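Here is a short set of exercises to work through with the viewer open. Try each task yourself before reading on to its solution.

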Amino acid sequence: MKLLLTKTIRAVFLMLLSVSTIGLKAQSDPTGESAVTRTFAITNATVIQAPGKELKGATVVIKNGLIEAVGTNVTVPKNAQVIDGKDMFVYAAFIDGLSYTGAKRPENMPRPNNLFSPDPPNDYAGITPDRSIVDQLDIASATIASMRKEGFAISHSVPYGRMLPGSGALILLGDKTHADEILLNKNVSMFTQFAGAPGAYPGNTLGIMAKWRNLYRNAENNKKHFDSYAQNPSGIERPERDRVTEAFFPVVTKQQPVMFDVSSVLEVQRAIRLQKDLGFKLMVGNVKQAWDLGQMFKDNGTNVFLSLDLPDAPKEAKGKDKDEMTEETKRLEARKVEFYKKYVGQAASLANAGIKFGFSSLDVTSNKVKANLLTMIENGLSENDALAALTTNPAGIFGIDKIAGTVETGKIANVMVSNAPYFTKDSQIKFMFVDGDKYDFEIKDKKAAGNASATAGNDPVVGSWTYNFETPQGATTGKMIIGKEGTTYNGKLTSNDGGPDSNMQEVSFVNGTLSFSFAIDAGGQSVELVVTGTVTGKQYDAQVSVAAFDFSTPLTATKDGQ
């Protein structure tokens with residue numbers, strides 16, 4: 001699709017990234033004026049204070065960024081903005097255990113001239129534990145608003161990089177004017193991953209493990225030298241300062257845990273092996289294959305954050321296709337189904353084993369979070385365990401359970417309000433409170449929107465649509481052509497500037513929400529764009545999100561013909 005493949009695309013991306021935060025602010029404050037009061041009272045609501053703890057007909061008072069009162073016999077302050085909570089449900093806002101939310105990806109360091117590949121510079125090797133997510137925080141990042149819209153108020157965000165990108169921090173997902181205003185806790189973890197340097201050591205997993213051991217042992221020895229010198233420097237050679245080594249000191253003393261990004265079984269096992277050998281405190285995140293690891297987690301005391309990313313369900317062959325399958329093909333299909341069931345059922349397996357895990361959004365687009373949670377619940381995870389993984393469990397793991405994770409007096413006012421029990425399919429978030437600031441969201445009549453143009457034999461989204469894609473350089477138009485085979489949608493995007501078509505992937509139309517993704521080539525790098533929005537009759541109003549470039553921008557479309 002030439003829509004984003006034109007020679008101006010890079011300039012458009014850069015311009016979008018530089019757009020001010022006015023558009024983001026407008027979502028919560030359309031007038032552009034500051035809130036008159038920071039005192040709110042949500043009355044007559046069902047309040048889920050914690051997993052399994054519910055109050056009906058209750059009031060929640062929020063004042064100066066804190067939850068001031070919760071209960072069925074609460075006095076509403078005279079200056080409070082009152083929100084009628086009848087038929088609404090109040091939850092503690094969610095906590096993301098591992099993500100890049102708010103982080104801006106830096107440019108990779110170019111390959112140095114005359115590189116000595118067995119011992120490259122630390123910057124090129126990605127060994128920068130002295131850095132921090134604070135160095136990459138971008139308060140204008142669209143990822144902050146998109147995750148807030150999904151119910152998250154706190155994120156354990158980590159920096160982009162290679163082997164040791166730097167330390168992670170807990171950030172509040174609010175609209176602010178300076179990065180310091182969204183920092184809740186700095187240096188929460190030392191973030192690491194099995195990502196080597198291209199064409200240099202450590203370039204593979206075994207090299208990374210060896211380098212990790214070397215860095216840790218050096219830090220242990222240097223820490224003893226530093227401590228001895230600090231106690232009595234007389235007669236002791238002054239220790240040399242090395243920022244990489246010193247970044248390991250709080251890890252060596254077990255004051256700072258190490259967060260490993262480990263998606264596969266082997267990566268999890270390797271991280272645990274390093275921990276057993278060296279003795280640091282370990283957290284593992286973005287875990288995708290944990291169904292056989294429950295006992296290992298329990299025995300080792302490892303804190304776990306499961307990935308919110310799920311694979312697509314395998315398509316079942318039917319009719320003639322099924323009859324013509326060979327025995328080998330049938331066995332292969334059965335293994336695919338078995339793998340899928342293990343994958344979507346692993347959260348339930350860990351919960352049943354008594355493991356208190358959280359969730360990570362590192363590899364998932366925000367618009368898929370709820371659907372994937374519901375899939376886990378359909379495959380055995382209880383709603384209480386799902387809520388715990390989103391709230392109380394990560395609060396406990398990160399040591400912030402006294403200020404977050406439940407709807408209780410004295411805690412930070414991170415509160416989510418939905419128009420139905422959250423884990424029902426059609427529930428929608430009406431309000432979010434982050435650090436006491438209120439954000440409003442429009443409640444869509446999904447059923448009406450989805451059925452507005454549905455008639456017998458006429459799917460409301462199948463057909464040709466004329467789209468308009470807004471960029472700072474103006475509008476780009478083309479056709480969005482959607483088809484359907486059985487229950488599966490497909491489609492393509494064309495452009496009026498004469499460029500090639502682009503296939504629409506993962507096309508989904510559920511309860512009036514049409515979403516899909518497509519890939520573009522941006523300077524040799526494949527970039528995924530995710531489009532999601534609401535169909536109302538012949539009108540489609542959507543947002544295009546590009547996680548790799550941290551921005552979103554509107555797309556509208558009108559269905560062609562009668």
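The exercises below concern a predicted model, and each is followed by a worked solution.

**Exercise 1. Aromatic pairs**

Task: Find how Trp-212 and Phe-248 are arranged as an aromatic pair, and decide whether each residue is buried or exposed.

Solution:
- Step 1. A pair of aromatic rings is described by the distance of the centres and the angle of the planes.
- Step 2. For Trp-212 and Phe-248 the centres are 5.3 Å apart and the planes make an angle of 80°. An angle over 60 degrees counts as edge-to-face, so the pair of Trp-212 and Phe-248 is edge-to-face.
- Step 3. Now place the two residues. Trp-212 belongs to helix H5 (residues 205-231), while Phe-248 sits in the loop between helix H6 (243-247) and helix H7 (249-252), so the pair ties together parts that are 36 residues apart in sequence.
- Step 4. Trp-212 has 0% relative accessibility and therefore counts as buried. Phe-248 likewise counts as buried, because its relative accessibility is 0%.

Task: Do the same for Phe-260 and Phe-280, and say which aromatic cluster they belong to.

Solution:
- Step 1. The rings of Phe-260 and Phe-280 are 6.5 Å apart, centre to centre, with 25° between the planes, and this pair is stacked.
- Step 2. Phe-260 is in strand E10 (residues 258-261) and Phe-280 in the loop between helix H8 (265-278) and strand E11 (282-287), so the pair joins parts 20 residues apart in sequence.
- Step 3. Phe-260 and Phe-280 are both buried.
- Step 4. One aromatic cluster is formed by Phe-194, Trp-212, Tyr-216, Phe-248, Phe-260 and Phe-280. The structure holds 21 aromatic pairs.

**Exercise 2. Salt bridges along helices**

Task: Compare where the partners lie in the salt bridges Lys-223 to Asp-227 and Lys-336 to Glu-333.

Solution:
- Step 1. Side chains of opposite charge can pair when their charged atoms come close.
- Step 2. Lys-223 and Asp-227 form a salt bridge at 2.9 Å, N to O. In the salt bridge of Lys-336 with Glu-333, the closest N and O atoms are 3.4 Å apart.
- Step 3. Both Lys-223 and Asp-227 are in helix H5, four residues apart, or about one turn of the helix. Lys-336 and Glu-333 are three residues apart in helix H11 (residues 327-352), which means a separation of about one helical turn.
- Step 4. An α-helix has 3.6 residues a turn, so residues three or four places apart point the same way.
- Step 5. Check the accessibility. Lys-223 is buried because its relative accessible area is 18%, whereas Asp-227, at 33%, counts as partly exposed. Lys-336 is partly exposed at 40% relative accessibility, and so is Glu-333 at 24%.

Task: Which residues are linked with Arg-38 in a network of salt bridges?

Solution: Lys-176 and Asp-437 are linked with Arg-38 in this network. The structure holds 19 salt bridges.

**Exercise 3. Backbone geometry**

Task: Find what is notable about the peptide bond from Tyr-201 to Pro-202, and about phi at Asn-114 and Asp-435.

Solution:
- Step 1. Most residues other than glycine have a negative phi, and most peptide bonds are trans.
- Step 2. The bond from Tyr-201 to Pro-202 is cis, its omega being near -5°. Pro-202 is in the loop between E9 and H5, and Tyr-201 is partly exposed, with 32% relative accessible area.
- Step 3. Asn-114 is not a glycine, yet it has a positive phi of about 55°. Asn-114 lies in the loop between strand E6 (94-99) and H3 and is exposed, because its relative accessible area is 80%.
- Step 4. Asp-435, also not a glycine, has a positive phi of about 55°. Its loop runs between strand E15 (429-434) and strand E16 (437-440), and Asp-435 counts as partly exposed at 23% relative accessibility.

**Exercise 4. Inside and outside**

Task: Is helix H4 largely enclosed or open, and why?

Solution:
- Step 1. Among the buried residues of H4 are Ala-142, Ile-144 and Met-147.
- Step 2. Six of the eight residues of H4 are buried, so the helix is largely enclosed by the rest of the structure.

Task: Which residues form a negative surface patch with Asp-135?

Solution:
- Step 1. The partners of Asp-135 in the patch are Asp-130, Glu-237, Glu-240 and Asp-242.
- Step 2. Asp-135 lies in the loop between helix H3 (122-125) and helix H4 (142-149), and its 59% relative accessibility is why it counts as exposed.

Key
Residues are numbered from 1 along each chain as its sequence is written. This is a predicted model: local features need pLDDT of at least 70, side-chain atom pairs count only at pLDDT 80 or more; totals for chains, interfaces and linings use all residues. Side-chain values use heavy atoms; hydrogens and water are left out. Patches are made of residues with over 30% relative accessible area and no salt bridge: like charges are joined within 9 Å, nonpolar side chains (Val, Leu, Ile, Met, Phe, Trp, Tyr) within 5 Å. Accessible areas come from the Shrake-Rupley method with a 1.4 Å probe; for residues, only the protein chains shown count as cover. A salt bridge is a side-chain nitrogen of Lys or Arg within 4 Å of a carboxyl oxygen of Asp or Glu. Lys and Arg count as positive and Asp and Glu as negative; His and the chain ends are not counted. The place of a charge is taken as NZ of Lys, CZ of Arg, CG of Asp or CD of Glu. Helices (H or I, at least four residues) and strands (E, at least two) are DSSP runs, numbered from the N terminus. Buried means under 20% relative accessible area, exposed over 50%, partly exposed in between (1.4 Å probe, protein chains only). Rings of Phe, Tyr and Trp (its six-membered ring) pair if their centres lie within 6.5 Å; planes under 30 degrees apart count as stacked, over 60 as edge-to-face and the rest as tilted.
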